[in-house]
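Work through the exercises below with the sequence and the model side by side. Try each task before reading its solution.

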Amino acid sequence: VQLQASGGGLVQAGGSLRLSCETSGSTWNFNIIGWYRQAPGNQRAPVALLSNLGSTNYADSVKGRFTISRNNAKNTVYLQMINLKPEDTAVYSCYAFAGGRAYWGQGTQVTVSS
């Protein structure tokens, strides 16, 4: 299983970014797929998760600003982020869970300047 994350960058507060996580197989193969983030000095924490039953789960701090979605044809999960804030600055990692184990992609840096 491979997870390839992309789409990070530097953006001003109030701006938008879209992260992509391309999987080596169908995203439906995973019970859960989504994004975690880790800011300097903090532990890695879930941001947005999508289950293969279609349910979504967002961190309270990103509700109303971040949207997770999938494109089945491209085996890709997206994280659309709008109204970004400096506190969203972190390394964002793609995560998936299947068959009783977790899988991680490489992180992509998101930096939001004030």
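The exercises that follow deal with a disulfide, two sheets and one residue.

This is a predicted model, in which local features need pLDDT of at least 70 and side-chain atom pairs count only at pLDDT 80 or more, while totals for chains, interfaces and linings use all residues. Residues are numbered from 1 along each chain as its sequence is written, and side-chain values use heavy atoms, with hydrogens and water left out.

**Exercise 1.** Find which residues the disulfide joins, and determine what parts the pair ties together.

*Solution.* Begin with the sulfur atoms, since a disulfide is taken here as a pair of cysteine sulfur atoms within 2.5 Å. The structure holds one disulfide, and this link joins Cys 21 to Cys 94 with an S to S distance of 1.8 Å. Next, place both ends in the strands, which are DSSP runs (E, at least two residues) numbered from the N terminus. Cys 21 belongs to strand β3 (residues 17–23) and Cys 94 to strand β9 (residues 90–98), so the disulfide ties together parts that are 73 residues apart in sequence. Then look at the geometry: the angle about the S-S bond is -80 degrees, and the link of Cys 21 and Cys 94 is left-handed. Finally, check accessibility, where buried means under 20% relative accessible area, exposed over 50% and partly exposed in between (1.4 Å probe, protein chains only); both Cys 21 and Cys 94 are buried.

**Exercise 2.** Trace the strand order of the two open sheets, and identify which strands stand at their edges.

*Solution.* Count two strands as paired if DSSP finds at least two bridges between them. One open sheet has four strands in the order β1-β3-β8-β7, with antiparallel pairing. In this sheet β1 (3–6) and β7 (66–71) each have a single partner strand, so one side of each is left without a neighbour in the sheet. As a check on the register, β7 and strand β8 (residues 76–81) are joined by six bridges, and Arg 70 stands opposite Val 77 in β8.

The other open sheet has six strands in the order β2-β10-β9-β4-β5-β6, and its pairing is mixed. Its edges are β2 (9–12) and β6 (56–58). Within this sheet β9 and strand β10 (residues 101–113) pair in the antiparallel sense over eight bridges, with Ala 96 opposite Tyr 103 in β10.

**Exercise 3.** Decide whether Glu 22 is buried, partly exposed or exposed, and list its contacts beyond four places in sequence.

*Solution.* Glu 22 lies in strand β3, and its relative accessibility of 45% makes this residue partly exposed. With contact taken as heavy atoms within 4.5 Å, and neighbours within four places in sequence left aside, Glu 22 touches Gln 2, Leu 3, Gln 4, Lys 74, Asn 75 and Thr 76.
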